[in-house]
Amino acid sequence: MAALDPHRPGLLASLNGKYHRASLAVFAVVVVAHWTEHLVQAFQIYALGWKTADARGVLGIPFPKLISSEWLHYGYAIVMLIALFALRKGFAGRSRQWWNLALGLQFWHHIEHLLLLIQAQTGWRLGGGTAPSSIIQLFIPRVELHLFYNTIVTIPMIIAMIVHRKASAAERELTGCTCSPESRRELATAAS
């Protein structure tokens with residue numbers, strides 16, 4: 001087995017350092033694609049007049065298990081929570097505040113999905129209903145609620161990324177991140 005290089009940063013340091021920009025780009029594409037699925041589902045119901053059971057977004061039409069699998073929904077919620085936590089160290093100042101907001105909101109969204117998963121696996125039903133239900137879903141229908149959850153997590157995440165790209169020199173120094181155009185110019189100048 002090869003010895004660990006003490007000068008080589010670990011995975012989290014790399015994701016929050018030299019690969020932060022790429023990590024955020026990949027994560028943003030995944031999150032926005034998921035959010036778009038919720039937007040399409042709402043469009044199918046409210047603009048096209050489809051029944052809720054038939055409105056499955058884009059991928060749910062050819063792959064209906066994507067909509068009905070609580071394991072898949074919970075899996076996405078936990079992966080998103082882990083990614084928000086793992087990429088957090090690359091942010092400082094106001095961008096970190098926005099990122100922390102997205103992380104906190106996603107933590108709650110994850111709890112709601114955990115409740116749905118537990119009910120799907122055990123047969124127990126919150127509120128005595130016939131189908132699994134999250135806490136807030138007792139008051140707001142699932143399609144609208146999860147569109148809302150994905151919206152309130154995605155928007156502060158995007159704001160954090162925009163603010164992060166405009167990070168001050170002190171914030172860039174603190175995180176070591178090279179996402180900002182100034183950092184990339186500084187690296188290009190140093191390399192030439």
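Q: Helices here are DSSP runs of H or I with at least four residues, numbered from the N terminus. With that settled, which helix is Ser 14 in?

A: Ser 14 sits in helix α1, which covers residues 11–16. Keep in mind that this is a predicted model.

Q: Noted. Is Ser 14 buried or exposed?

A: Ser 14 is buried, with a relative accessible area of 10%. The cut-off for buried is under 20%.

Q: And how far is Ser 14 from Ala 170 in space?

A: Their C-alpha atoms are separated by 20 Å, and Ser 14 and Ala 170 are 156 residues apart along the chain.

Q: OK, zooming out. How many helices and strands are in the protein chain?

A: Eight helices and zero strands. Going along the sequence, the pattern reads α-α-α-α-α-α-α-α.

Q: What box do the C-alpha atoms fill?

A: Roughly 65 × 45 × 30 Å, taken along the principal axes.

Q: How much of the chain counts as buried?

A: 38% of the 192 residues.

Q: Switching to pockets. How much space lies in the largest pocket?

A: About 630 Å³. It has 25 lining residues, and the closest to the pocket's centre are His 38, Gln 41, Leu 66, Ile 67 and His 73.

Q: Which elements give two or more residues to that lining?

A: α2 (20–46), α3, α4 (70–86), α5 (93–122) and α6 (142–165). The largest share comes from α4, with five residues.

Q: What's the lining like by class?

A: Nine residues are nonpolar, 12 are polar and four are charged.

Q: Back to Leu 66 for a second. Where is Leu 66 found?

A: In helix α3, residues 65–68. Leu 66 is partly exposed, at 30% relative accessible area. It's among the residues closest to the centre of the largest pocket, and it also belongs to a nonpolar surface patch.

Q: Which residues make that nonpolar surface patch?

A: Val 58, Leu 59, Phe 63, Leu 66, Ile 67 and Leu 72, and together they give a patch of about 500 Å². Ile 67 also turns up among the residues closest to the pocket centre.

Q: New topic: how many salt bridges does a search of the whole structure find?

A: One. The side chains of Arg 142 and Glu 70 meet at 2.8 Å, N to O.

Q: What does that pair tie together?

A: Arg 142 is in helix α6 and Glu 70 in helix α4, so the bridge ties together parts that are 72 residues apart in sequence.

Q: Why would two side chains like that pair up at all?

A: In general, side chains of opposite charge can pair when their charged atoms come close.

Q: Are the two partners buried or exposed?

A: Arg 142 is partly exposed, with a relative accessible area of 24%. Glu 70 is buried, with 10%.

Q: Now α2. Where is Trp 35 placed, and is Trp 35 buried or exposed?

A: Trp 35 is in helix α2, and it's buried, with a relative accessible area of 16%.

Q: How far apart are Trp 35 and Asn 150?

A: Their C-alpha atoms are separated by 5.9 Å, although Trp 35 and Asn 150 are 115 residues apart along the chain.

Q: What about Val 30, which helix is that in?

A: Val 30 lies in α2. Val 30 is partly exposed, with a relative accessible area of 43%. From Val 30 to Met 80 it's 9.3 Å, C-alpha to C-alpha, with the two 50 residues apart in sequence.

Q: Last one: where does Ala 120 lie, and how accessible is Ala 120?

A: Ala 120 lies in helix α5. Its relative accessibility is 36%, so Ala 120 counts as partly exposed.

Q: And how far is Ala 120 from Ser 133?

A: The C-alpha atoms of Ala 120 and Ser 133 are separated by 9.4 Å, and the residues are 13 apart along the chain.

Notes: Residues are numbered from 1 along each chain as its sequence is written. This is a predicted model: local features need pLDDT of at least 70, side-chain atom pairs count only at pLDDT 80 or more; totals for chains, interfaces and linings use all residues. Side-chain values use heavy atoms; hydrogens and water are left out. Patches are made of residues with over 30% relative accessible area and no salt bridge: like charges are joined within 9 Å, nonpolar side chains (Val, Leu, Ile, Met, Phe, Trp, Tyr) within 5 Å. Accessible areas come from the Shrake-Rupley method with a 1.4 Å probe; for residues, only the protein chains shown count as cover. A salt bridge is a side-chain nitrogen of Lys or Arg within 4 Å of a carboxyl oxygen of Asp or Glu. Buried means under 20% relative accessible area, exposed over 50%, partly exposed in between (1.4 Å probe, protein chains only). On a 1 Å grid over the protein atoms alone, a cavity is a set of points where a 1.4 Å probe fits but cannot get out, and a pocket is an open set with protein on both sides within 12 Å along at least five of seven lines; lining residues have an atom within 4 Å of a point. Grid points are joined across faces, edges and corners, and a volume is the space filled by probe spheres set on the points. Ala, Val, Leu, Ile, Met, Phe, Trp, Tyr, Cys and Pro count as nonpolar, Asp, Glu, Lys and Arg as charged, and the others, Gly among them, as polar.
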